[in-house]
Amino acid sequence: MSDTMTSTTSTTGRTAAPTDLPPDAGRAATGIAIVLVAQLMLVLDATVVNVALPRIDADLGFGPASLSWILNAYTLAFGGLLLLGGRLGDVFGRLKAFEIGLGVFTLASVLGGLAQTPGQLVAARTLQGVGAALAAPSVLALLTTSAPDEAARNRAFALFGAVSSGGASIGLLIGGLLTDVGSWRWTLFINVPLGIAVIALAPRFVDETRRRAGRFDVVGALSATLGAVSLVWALIGTPEHGWLSARTLGGFALGVVLLAVLARTEVRHPHPMIRPALVRNRPRVVALAVMALVIGANLSMFFLVVQYVQRVLGFGPLESGVAFLPFSLGIFAMSRVTPSLLGRLGARTMIMLGTAAMAAGYAWLSTIGTTDTYLPAVFGPMLIAGLATGFVFMPVTATVLGGVEPEHAGAASGLLQTTQQLGSAVGVAAIVSVYAAGAVPGAFVPGLRAAFLTSATFAALAFVAAMVGLARRPRPEAALDAHLDPELEVAEAA
């Protein structure tokens with residue numbers, strides 16, 4: 001489509017901004033907006049029930065040990081099946097996989113809202129995760145194929161990053177509002193009208209992608225799913241059973257063995273879920289590691305700060321959601337400027353600056369205590385974390401997806417979102433384990449310092465990974481050469 005635009009090229013190799021929009025730019029923009037609404041739904045559901053957990057417990061009688069499965073069932077199903085979802089989109093068409101996944105997600109939301117027992121709610125949350133795993137890999141692929149030009153694609157990536165990061169805190173706000181004025185059940189029912197609207201509108205504004213023939217990698221799908229579940233299951237149990245228990249060590253060992261089976265299968269299978277070429281590109285692998293660390297740090301912050309503002313500061317569900325607005329606003333503010341900054345600063349510089357600021361924000365949060373108030377103790381570090389996250393997400397996404405052939409975009413986006421989901425599950429499990437080790441019965445604050453310092457350490461590790469693993473910004477003549485080779489362009493972190 002880009003060849004329908006008028007542009008000029010200077011003698012330095014720079015391409016001027018297009019002067020004419022493609023004829024279908026309006027339809028493409030509407031399609032991108034529809035896909036982003038679906039992404040917001042999927043991200044919201046990871047946190048929208050957080051502030052409602054005490055009321056769910058009182059209503060259905062979960063008990064403190066099993067309450068966490070309301071969150072973990074969704075995360076594990078979502079993260080464990082994402083790679084399979086990406087492959088299904090490649091074979092059957094991404095729009096079709098997107099619609100089927102969103103239909104399953106919407107139906108599961110109805111079942112969850114009607115649940116009368118803990119088992120029914122956990123089963124519905126698991127089914128929501130399955131639907132999300134089918135739909136989510138197609139989101140980035142559809143954004144990539146719907147954008148009429150490179151500038152529009154970068155803007156779509158920036159908005160995707162804003163929705164993916166800010167959606168988590170928006171979920172807390174919406175969850176608090178619905179729980180306060182209605183019932184916890186509406187945190188699930190809210191998905192139903194949105195899901196129906198997206199399913200109805202998507203075929204009108206989003207084009208189906210070309211199908212890629214091939215058979216399914218059943219062994220790879222099972223080993224990826226069960227390996228991820230095993231690792232997260234082991235981490236989730238460490239506060240109760242300990243790091244050296246047979247349960248924990250056995251879970252880690254099984255997870256490692258299954259992931260080794262996955263690696264061996266993907267190299268040999270003619271139609272693997274994870275193309276070996278995708279993980280042979282060093283900048284892409286580094287960007288995935290950065291994503292996992294950043295998401296892990298952020299989701300652990302949601303888990304801990306929600307409890308701090310309710311237990312220590314005395315906030316209600318709605319006030320707890322409002323307390324996260326600085327984080328959301330920081331992300332959305334940065335999404336407006338990151339597309340233009342990427343060309344000036346380069347991915348490496350942006351990621352390093354963002355992760356350094358994030359580490360500082362979490363180090364600040366580690367100083368909160370029982371006598372602090374919201375503005376001096378929470379507002380500032382949360383705003384810094386939001387701005388930093390918004391600064392990191394777009395260059396990470398562009399690095400992961402850059403240079404990927406259109407027919408493999410679903411697999412690449414599935415890999416990126418698998419990293420996000422498993423990064424959140426592993427991050428929360430690890431940091432909650434650190435918190436539990438320093439906790440004092442009957443008091444919430446004592447374990448916070450070590451927990452938030454662990455979040456800061458995650459961000460610092462992401463900084464080191466970007467500094468060491470991403471190439472420096474190329475010289476102008478190197479950048480011109482890279483422009484001719486998209487894979488080289490990513491490798492140079494342009």
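**Notebook: loops, buried residues and packed helices**

**Entry 1: V48**

I began with V48, which sits in the loop between helix 1 (25-44) and helix 2 (53-60). Helices here are DSSP runs of H or I with at least four residues, strands are runs of E with at least two, and both are numbered from the N terminus. I am reading a predicted model, where local features need pLDDT of at least 70, side-chain atom pairs count only at pLDDT 80 or more, and totals for chains, interfaces and linings use all residues. Residues are numbered from 1 along each chain as its sequence is written, and side-chain values use heavy atoms, with hydrogens and water left out.

Is V48 buried or exposed? I found a relative accessibility of 3%, so V48 counts as buried (buried is under 20% relative accessible area, exposed over 50%, partly exposed in between, with a 1.4 Å probe and protein chains only). Next I looked up its partners, setting aside neighbours within four places in sequence: V48 is in contact with G171, I174, G175 and T187 (contact means heavy atoms within 4.5 Å). I also noted L178, which is 130 residues from V48 in sequence, while their C-alpha atoms are 9.4 Å apart in space.

**Entry 2: the whole chain**

I then stepped back to the protein chain, which has 21 helices and zero strands. Of its 494 residues, 55% count as buried. How much of the contact total comes from residues 24 or more positions apart? Such pairs account for 82% of the contacts with a separation of 6 or more. For the surface, I wrote down about 19700 Å² exposed, with carbon and sulfur atoms supplying 67% of it (areas come from the Shrake-Rupley method with a 1.4 Å probe; for residues, only the protein chains shown count as cover).

**Entry 3: helix 3 against helix 4**

Two packed helices are described by the angle between their axes and the distance between the axes. Helix 3 (residues 69-92) and helix 4 (residues 94-113) have axes that come within 8 Å and cross at roughly 150° (axes are lines fitted to C-alpha atoms, for helices over the stretch in contact, and angles run from 0 to 180 degrees between N-to-C directions). Helix 3 and helix 4 are therefore roughly antiparallel (over 145 degrees; under 35 is roughly parallel, 65 to 115 roughly perpendicular, the rest oblique). I noted their crossing as right-handed (the near helix is turned clockwise from the far one by less than a right angle; anticlockwise is left-handed).

Which residues meet here? Y74, G89, D90 and F92 of helix 3 meet R94, K96, A97 and F105 of helix 4. This contact has four nonpolar, one polar and three charged residues (Ala, Val, Leu, Ile, Met, Phe, Trp, Tyr, Cys and Pro are nonpolar, Asp, Glu, Lys and Arg charged, and the others, Gly among them, polar).

**Entry 4: helix 4 against helix 8, and N191**

Helix 4 also packs with helix 8, at an angle of about 160° and with axes 9 Å apart. That makes helix 4 roughly antiparallel to helix 8. The crossing of these two helices is left-handed. Among the residues making the contact are L102, F105, T106 and S109 of helix 4 and N191, V192 and I199 of helix 8. By class, the contact of helix 4 with helix 8 divides into ten nonpolar, five polar and one charged.

I picked N191 for a closer look; its place is in helix 8 (residues 191-205). N191 is buried, at a relative accessible area of 2%. Leaving aside neighbours within four places in sequence, I found N191 in contact with M41, D45, F105, T106, S109 and Q128.

**Entry 5: helix 12 against helix 17, and S366**

How far apart are the axes of helix 12 (residues 282-311) and helix 17 (residues 374-401)? They lie 10 Å apart, and the packing angle is about 155°. That makes helix 12 roughly antiparallel to helix 17. Their crossing is left-handed. From the contact list I copied some names, including L288, M291 and I295 of helix 12 and M382, F393 and V396 of helix 17. The residues of this contact divide into 16 nonpolar, four polar and one charged.

I next visited S366, in the loop between helix 16 (347-365) and helix 17. S366 counts as buried, at 5% relative accessibility. Not counting residues up to four places away in sequence, S366 touches R449, F452 and L453.

**Entry 6: V468**

My last stop was V468 in helix 19 (residues 448-469). Is V468 buried or exposed? With 60% relative accessibility, V468 counts as exposed. I also looked up V286, 182 residues from V468 along the chain; their C-alpha atoms are separated by 9.1 Å.
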